[in-house]
Amino acid sequence: MAVLSDYKCDKHGYFESRKAACPMKGCDAEVYVVFLQAPGMVSDKTKSTDKRVKQLAVDFDMSNIKSTREGENQAGYFKRNNKFTEKEHAEAEKMVAEKRRAKRGTKEPIIEQPREQRPGDAVVWGGEKMGMDMKSILGGRYSAPVGAKLG
């Protein structure tokens with residue numbers, strides 16, 4: 001079976017056919033093979049999404065951003081201007097120093113600087129000391145009120 005192609009008749013215009021002959025009876029006009037381009041159909045929603053993604057790329061200084069679906073992430077996509085923070089720079093220097101020591105075969109101790117205090121460090125998240133263990137949670141005592149009963 002032949003392939004369906006696009007043709008143009010000088011008298012009758014464009015048509016699709018399997019053979020290069022005008023479908024109008026008695027037409028002897030010359031027929032040309034043409035390659036028509038399908039119309040680009042882009043919805044307003046797609047245009048809006050593309051515009052938003054481009055703006056996010058500008059806001060976050062990213063050159064190779066992709067549009068993701070719910071639950072996906074931008075893993076593996078880097079910033080255009082990679083700038084190290086002081087912490088990242090210190091970690092990178094530490095790793096380079098460790099690699100150099102490994103090449104030389106020396107085992108010098110690594111002196112780590114004390115970690116900076118953060119707000120969550122002083123919080124007690126529970127545990128057996130506070131009476132929060134699996135037995136008390138399953139027994140319903142975990143969410144018991146702390147203060148005196150009112151009323």
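This is a short walk through one chain, from its overall layout to its sheet and then to a few of its residues.

Before anything else, please keep in mind that this is a predicted model, in which local features need pLDDT of at least 70 and side-chain atom pairs count only at pLDDT 80 or more, while totals for chains, interfaces and linings use all residues. Residues are numbered from 1 along each chain as its sequence is written, and side-chain values use heavy atoms, with hydrogens and water left out.

Let me start with the layout. The chain holds three helices and three strands, where helices (H or I, at least four residues) and strands (E, at least two) are DSSP runs numbered from the N terminus. Following the sequence, we meet these elements in the pattern β-β-β-α-α-α.

Of the 151 residues in the chain, 9% are buried, a word that here stands for under 20% relative accessible area, with exposed meaning over 50% and partly exposed in between, for a 1.4 Å probe and protein chains only. The accessible surface of the chain is about 14,600 Å², and carbon and sulfur atoms account for 55% of that surface; such areas come from the Shrake-Rupley method with a 1.4 Å probe, and for residues only the protein chains shown count as cover. Taking contacts (heavy atoms within 4.5 Å) between residues at least 6 apart in sequence, 11% join residues at least 24 apart.

Now to the sheet. In general, strands of a sheet pair through backbone hydrogen bonds, either parallel or antiparallel. In this model three strands make an open sheet in the order β2-β1-β3, with antiparallel pairing, and two strands are taken to pair if DSSP finds at least two bridges between them. The edge strands are β2 and β3, the latter covering residues 31-34, and each of them pairs on one side only. From one strand to the next the twist averages 35°, the axes being lines fitted to C-alpha atoms, for helices over the stretch in contact, with angles from 0 to 180 degrees between N-to-C directions.

Strand β1, residues 5-9, and strand β2, residues 13-17, are paired over five bridges, and a hairpin of three residues connects β1 to β2. Among the bridge partners, Tyr-7 is matched with Phe-15, Lys-8 with Tyr-14 and Cys-9 with Gly-13. On the β3 side, β1 pairs over four bridges, and there Cys-9 stands opposite Val-31.

Is Cys-9 buried or exposed? Cys-9 counts as buried because its relative accessibility is 0%. Why, then, does Cys-9 form no bond with Cys-27? The sulfur of Cys-27 is the closest cysteine sulfur to that of Cys-9, but at 3.6 Å it is too far for a bond, given that a disulfide requires a pair of cysteine sulfur atoms within 2.5 Å. Cys-27 is itself in no disulfide, the nearest cysteine sulfur, that of Cys-22, being 3.6 Å away. Across the whole structure, the search finds zero disulfides.

Finally, Ser-17 lies in strand β2 and counts as buried, because its relative accessibility is 15%. Apart from neighbours within four places in sequence, Ser-17 is in contact with Val-3, Leu-4, Ser-5 and Tyr-7. A polar atom of the Ser-17 side chain also lies 3.0 Å from the backbone oxygen of Lys-19.

Note on methods
Polar contact = N/O pair within 3.5 Å; in protein donor to acceptor, adjacent residues only side chain to side chain.
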